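Consider the enclosed empty space in the predicted model shown below. The account that follows takes up the cavities and the residues that line them.

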Amino acid sequence: MRQATITRKTAETDITLTVDLDGTGSYDVKTGVGFFDHMLDQLARHSLVDLTLRAEGDLHIDDHHTVEDCGIAIGQALAKAAGNKKGILRYGSCLLPMDDALVRAALDLSGRPFLVWNVDFPTQKIGNFDTELVREFFQAIATHGGITLHVDCLHGVNSHHIAEAAFKAVARALRDALETDPRKSDAIPSTKGML
């Protein structure tokens, strides 16, 4: 069973989450940050990774700690649930259009964290949500999930569409990378013999 539960409790946040990599994309997310909840719903739905998440953070300061720490916990949960990564396809990519936005995501579940982020937002806010937190979230996932992740916005004029396209593109790439390789389901996808 490729499942994991992570609990993260700091002076800034209290987070509990469960993931199931072989799910159907069901989600039950409550972080106290409305737009972020909407994005996490998209991440689960389009990756087919079931996600249950509860987060309480110091929202009286701002959303930063909650968003970043959720990214840390999700990255840790993905890595834990994937285990030794035996039989996975490892790589995934997606070119995702959403109205005016076109976002490309490519990733490698390599165990080597790295983020290349070429996404600019035309506004600093989406409602009350700071757009700079989108990058912080994906930086946390890449770092704590051991993922090499490239995200490029090729076109976009609406910040909401750009952010949502980024979450969906990463989700679809993650879905592909986590799939079992029908030709090599018993092997680690690396010449090193480990990831």
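Across the whole structure, a search returns two cavities of 30 Å³ or more. The largest cavity has a volume of about 120 Å³, while the second largest cavity holds about 50 Å³ of space.

The lining of the largest cavity is made up of 14 residues. Nearest the centre of this cavity lie Leu43, Ile74, Leu78, Ile141 and Leu174. Three helices each supply at least two residues of the lining: H1, spanning 34–47, H2, spanning 64–82, and H4, spanning 159–178. Of the contributions to this lining, that of H1 is the greatest, at three residues. In chemical character, the lining of the largest cavity comprises 13 nonpolar residues and one polar residue, with no charged residue.

The second largest cavity is lined by Leu78, Ala79, Ala82, Lys85, Leu109, Gly145, Ile147 and Leu178. Here H2 gives the most to the lining, with three residues. The classes in this lining are six nonpolar, one polar and one charged. Lysine counts as charged and glycine as polar, so the charged residue in the lining is Lys85 and the polar one is Gly145.

Leu78 connects the two descriptions: this residue is among those nearest the centre of the largest cavity, and Leu78 also lines the second largest cavity. The leading helix, by contrast, is H1 for the lining of the largest cavity and H2 for that of the second largest cavity.

Methods
Residues numbered from 1 in each chain as written. Predicted model: local features only at pLDDT ≥ 70, side-chain atom pairs only at ≥ 80, totals over all residues. Heavy atoms only, no water. 1 Å grid on protein atoms, 1.4 Å probe; cavity = no way out; pocket = protein on both sides within 12 Å on 5 of 7 lines; lining within 4 Å. Points joined across faces, edges and corners; volume = space filled by probe spheres on them. Helix = DSSP H or I, 4+ residues; strand = E, 2+ residues; numbered from the N terminus.
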